[in-house]
Amino acid sequence: MQRNYLKVSQVGIEFPTDGEPFRALQNVNLSIAKGEFISLIGHSGCGKSTVLNIIAGLYQASEGGIILEGREVDEPGPDRAVVFQNHALLPWLSVYQNVELAVKCVFKHSKTKAEIREWVEHNLSLVHMDHALHKRPGEISGGMKQRVGIARCLAMQPKVLLMDEPFGALDALTRAHLQDSLMDIQNELGNTVVMITHDVDEAVLLSDRIVMMTNGPAASIGEILDIDLPRPRDRLALAEDVQYNAYRQQVLRFLYEKQKNSAKKSASIAPAELLPSSSKKSVAA
Ligand SMILES: Nc1ncnc2c1ncn2[C@@H]1O[C@H](COP(=O)(O)OP(=O)(O)O)[C@@H](O)[C@H]1O
Ligand SMILES: [Mg+2]
């Protein structure tokens, strides 16, 4: 596998403060293959969103940079669509119109009106939202809003789909449904995905590789775990799977043994994550 589709190369960033600048990231290096599903995991405040925002072009790295298909990218573009935790839909537009707006930005010169309509509807059907085209965000549930946010990104046909805790604010059942939908879609379309999560099960279930970040300041990549489980993956079968549980343990060990100092310091995810998954409650980041 050639891991040179998306490269995070020697990335560091300092944020200005009233006193000394705050160094959030240092020497972050990651090479991702086309079609790979990568999860970024690490304690709250370590710098996951900062990495994603630099890839998205929303933040400028202080050192190093992002290379996508051999070209440096340092500003936002439709080739890198972002799904945020809180959907970010425009409340005065319908479900259909929210997706249409993004589609028109990207395809206004290459698709006819009829093709645009068909494409918007197709992408909403991928996330099972074609029944609610004319509803407004205020009239649908949180899970449905996240579906629309995902459809809006998919419809832009980005080279890379960036997701910042996309299911973090959802209840466990809705989250499971959306994870399954995302696995189906990625299986069909072969998207390259970088997803931030604080949920160890989610990371193991969805990823080809889990990138584990060290604690900040000057956070970097601590370990990378290859998840060699066949696809399609079935959450019920995997719950009993020895290899699945070994991967899960490896991530937990990284977070709560190797990086445990900050687990104590930050109001982080530790207690719930250490419970067996059956008794785990959803914890917002
Ligand atoms: N725009 C910013 N200005 C100053 N500090 C920031 C900014 N964005 C993030 N930080 C700091 O950088 C660190 C990493 O933040 P973030 O990437 O949001 O963490 P995570 O997503 O892992 O929870 C935190 O200490 C945070 O306070
Ligand atoms: Mg974050």
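1. Let me start with strand β3, keeping in mind that this is a predicted model. Phe37, Ser39 and Ile41 point one way from β3, while Ile38 and Leu40 point the other way. Both sets of side chains are buried. The count for the strand, which spans residues 37-41, says it again: five of its five residues are buried, and β3 is mostly covered.

2. What does β3 pair with? One partner is strand β8, residues 192-196, which runs parallel to β3 and is joined to it by four bridges. If you would like a place to look, take Ser39 in β3: its bridge partner in β8 is Met195.

3. Strand β9, residues 209-213, also pairs with β3 in the parallel sense, over four bridges. Here a handy landmark is Ile41, which stands opposite Met212 of β9. Ile41 is also one of the residues that point the same way as Phe37 and Ser39.

4. Now to ligand 1, which you will probably want to open in your viewer. Its surroundings include a run of residues you can follow along the chain: His43, Ser44, Gly45, Cys46, Gly47, Lys48, Ser49 and Thr50. Phe15, Phe22, Ala24 and Tyr59 are also around ligand 1. By type, the shell divides into five nonpolar residues, six polar and one charged.

5. Which elements supply at least two residues each to that shell? They are β2 (22-32) and α1 (48-56). Helix α1 gives the most, with three residues.

6. Three polar atom pairs are worth checking by eye. A backbone N or O atom of Lys48 lies 2.8 Å from an oxygen atom of ligand 1. For Cys46, a backbone N or O atom is again involved, at 3.2 Å from an oxygen atom of the ligand. Tyr59 takes part through its side chain instead, with a polar atom 3.5 Å from a nitrogen atom of ligand 1. As for cover, ligand 1 has 560 Å² of accessible area on its own, and the protein covers 63% of that.

7. One last residue: is Ser94 buried or exposed? Ser94 sits in the loop between β6 (80-83) and α2 (95-107). Its relative accessibility is 5%, and the cut-off for buried is under 20%, so Ser94 counts as buried. Leaving aside neighbours within four places in sequence, the residues in contact with Ser94 are Leu133, His134, Lys135 and Arg136.

Key:
Residues are numbered from 1 along each chain as its sequence is written. Chains are lettered from A and ligands numbered from 1 in the order in which they are written. This is a predicted model: local features need pLDDT of at least 70, side-chain atom pairs count only at pLDDT 80 or more; totals for chains, interfaces and linings use all residues. Side-chain values use heavy atoms; hydrogens and water are left out. A residue is near a molecule or strand if one of its heavy atoms lies within 4 Å of it. A polar contact is a pair of N or O atoms within 3.5 Å; within protein, one must be able to donate a hydrogen and the other to accept it, and residues adjacent in sequence count only if both atoms are side-chain atoms. Accessible areas come from the Shrake-Rupley method with a 1.4 Å probe; for residues, only the protein chains shown count as cover. Ala, Val, Leu, Ile, Met, Phe, Trp, Tyr, Cys and Pro count as nonpolar, Asp, Glu, Lys and Arg as charged, and the others, Gly among them, as polar. Buried means under 20% relative accessible area, exposed over 50%, partly exposed in between (1.4 Å probe, protein chains only). Contact means heavy atoms within 4.5 Å. Two strands pair if DSSP finds at least two bridges between them.
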